[in-house]
There are 2 protein chains.
Amino acid sequence: MSVQERKERERAGRERLIVATARELAEQQGWDAVTTRRLAERIEYSQPVLYSHFRGKREIIGAVALEGAAEMAAALRGATAVADGPRARVTALARAYLDFAEGNPAVYDAMFRLDGGLAFAREDTPEPLKDAFAALLESLGEVAGDGVRPGLFTEVFWAALHGLATLTRAGRLPPEDAGRRVELLVDRLAVV
Amino acid sequence: MSVQERKERERAGRERLIVATARELAEQQGWDAVTTRRLAERIEYSQPVLYSHFRGKREIIGAVALEGAAEMAAALRGATAVADGPRARVTALARAYLDFAEGNPAVYDAMFRLDGGLAFAREDTPEPLKDAFAALLESLGEVAGDGVRPGLFTEVFWAALHGLATLTRAGRLPPEDAGRRVELLVDRLAVV
DNA sequence: TCGATTGTCTAGCGGTGCTAGGATCGGCTC
DNA sequence: GAGCCGATCCTAGCACCGCTAGACAATCGA
């Protein structure tokens with residue numbers, strides 16, 4: 001049995017190595033540079049090994065997305081925990097979200113822009129994704145206002161943040177006023 | 001001279017054909033299916049002909065984006081023209097924007113998600129793109145509220161719409177509550 | 001009618017995601 | 001300890017991608 005356990009351990013380790021390497025490469029040079037050949041070379045295995053762990057490139061992106069979702073949830077909770085009052089929490093949440101998107105663009109893309117083959121907004125949505133949404137909901141539910149379903153409010157607020165994050169990074173919005181845009185968004189959307 | 005003019009006319013016609021065919025193919029099967037080989041086959045010329053009109057695939061995407069921007073601007077102005085009062089105009093604008101994004105997903109992607117090699121939010125931004133933003137500004141400037149720069153307000157509102165459009169289409173947001181989300185967005189952001 | 005120029009095509013480069021099939025290595029049985 | 005056998009991994013290759021060099025043909029002006 002011990003032999004089999006060791007093999008499984010090694011296999012799991014190699015899988016983590018694949019995901020970590022894909023992420024690293026994506027952050028360094030963008031997802032376009034993450035080819036199966038380059039990835040295989042970096043982990044010092046041949047290409048087919050990748051396919052013994054994942055169905056294809058899409059699933060690797062999905063794995064990076066799940067990892068990122070857990071980190072984002074932690075980052076959001078960390079930011080809101082040290083803020084006083086609902087209004088301050090929402091501002092901290094928005095800033096933390098945009099900071100995460102800016103600081104981990106490849107991970108953010110894996111989560112929300114690319115197709116990682118993951119289910120969203122459904123029952124069989126993977127737990128890390130549900131939890132990241134829950135982290136948003138925890139602070140945003142407080143300021144949804146009367147008669148507005150917290151989930152619906154969270155969706156709208158999230159969409160606005162997502163729009164700001166993607167349009168800014170794609171050069172569609174000038175980066176200078178980023179701070180003022182967040183202020184305006186929180187001012188108007190949150191009911192304190 | 002007449003010969004040269006005829007040639008230029010034919011050339012311009014073929015360029016329109018390329019752009020129209022690329023757009024059609026993208027709407028039918030997605031941008032991934034728009035390969036230079038398939039595109040060349042559809043216009044019944046060989047691949048290199050594409051490169052005598054455009055530097056590469058990116059520029060073709062850019063051309064589709066410009067065409068789409070003009071159409072979107074017209075659609076937005078058409079929708080707001082028949083609405084009474086600032087509040088109704090903003091609602092109509094938001095609906096028209098999301099309808100355009102849903103009805104022309106490939107064009108929308110060319111404009112705002114893919115890299116078409118176009119400059120945004122700068123002086124040398126192509127006129128159609130500036131005009132599409134202007135169409136947003138015309139209705140949104142009315143409801144920016146005191147002390148808020150209309151341009152900044154428009155950017156935030158636009159980002160929210162963009163977030164809703166992209167997250168919904170990518171399956172990140174359930175499509176059922178789309179209408180309610182727009183209502184909430186207009187309610188909170190617009191100062192009537 | 002002939003030469004030059006313009007236009008178009010064939011063929012091919014290096015790259016992509018992915019896979020079939022053979023070699024090699026390890027653990028298990030005798 | 002020897003030899004079998006199955007798991008594991010790699011080499012080689014498929015069809016496709018964006019893009020381009022260079023040969024060829026059609027068309028124009030003299």
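**A guided tour of the two DNA strands, a helix and the core**

Begin at DNA strand C, where one phosphate oxygen is 2.9 Å from an N or O atom in the side chain of Arg14(B). The model on display is predicted. Remain with chain B and select Ser46(B): an N or O atom of its side chain is 2.8 Å from a phosphate oxygen of DNA strand C. Then turn to chain A, where a polar backbone atom of Val34(A) is 3.4 Å from a phosphate oxygen of that strand. The elements giving two or more residues to the surface near DNA strand C are helix 1 (2-29), helix 2 (36-43) and helix 3 of chain A, together with helix 3 of chain B.

Next, display everything that surrounds DNA strand C. There are 18 such residues, and the closest are Thr35(A), Thr36(A), Tyr51(A), Lys57(A) and Ser46(B). By type, this surface comprises seven nonpolar, five polar and six charged residues. Of the strand's atoms within 4 Å of the protein, 54% belong to sugar or phosphate, and the rest to bases.

Move now to DNA strand D, which is also surrounded by 18 residues. The closest are Ser46(A), Thr35(B), Thr36(B), Gln47(B) and Lys57(B). Select Gln47(B) to find a contact with a base: an N or O atom of its side chain is 2.8 Å from a base nitrogen of DNA strand D. Two further selections lead to phosphate oxygens of this strand. A polar side-chain atom of Ser46(A) lies 2.7 Å from one, and a polar side-chain atom of Tyr51(B) lies 2.9 Å from one. Helix 3 (47-53) of chain A and helix 1 (2-29), helix 2 (36-42) and helix 3 (47-51) of chain B each give two or more residues to the surface near DNA strand D. Sugar or phosphate accounts for 53% of the atoms of DNA strand D within 4 Å of the protein, and bases for the rest.

Leave the DNA and select helix 4 of chain B, residues 57-81. At 1.5 Å a residue, its 25 residues should span 36 Å, and its end C-alpha atoms are 36 Å apart, so the two values agree. Buried residues of this helix include Ile60(B), Ile61(B), Val64(B), Met72(B) and Leu76(B).

Finish in the largest nonpolar core, which has 125 residues. Those with the most contacts inside it are Tyr97, Phe153 and Phe157 of chain A and Tyr97, Phe153 and Phe157 of chain B. Centre the view on Tyr97(A), whose contacts include Met72(A), Leu76(A), Tyr108(A), Phe112(A) and Trp158(A).

Definitions and conventions. Residues are numbered from 1 along each chain as its sequence is written. Chains are lettered from A and ligands numbered from 1 in the order in which they are written. This is a predicted model: local features need pLDDT of at least 70, side-chain atom pairs count only at pLDDT 80 or more; totals for chains, interfaces and linings use all residues. Side-chain values use heavy atoms; hydrogens and water are left out. Helices (H or I, at least four residues) and strands (E, at least two) are DSSP runs, numbered from the N terminus. The expected span of a helix is 1.5 Å times one less than its number of residues. Buried means under 20% relative accessible area, exposed over 50%, partly exposed in between (1.4 Å probe, protein chains only). A residue is near a molecule or strand if one of its heavy atoms lies within 4 Å of it. A polar contact is a pair of N or O atoms within 3.5 Å; within protein, one must be able to donate a hydrogen and the other to accept it, and residues adjacent in sequence count only if both atoms are side-chain atoms. A nonpolar core is a set of buried Ala, Val, Leu, Ile, Met, Phe, Trp, Tyr and Cys residues joined through side-chain atoms within 4.5 Å. Contact means heavy atoms within 4.5 Å. Ala, Val, Leu, Ile, Met, Phe, Trp, Tyr, Cys and Pro count as nonpolar, Asp, Glu, Lys and Arg as charged, and the others, Gly among them, as polar. Lists of a residue's contacts leave out its neighbours within four places in sequence.
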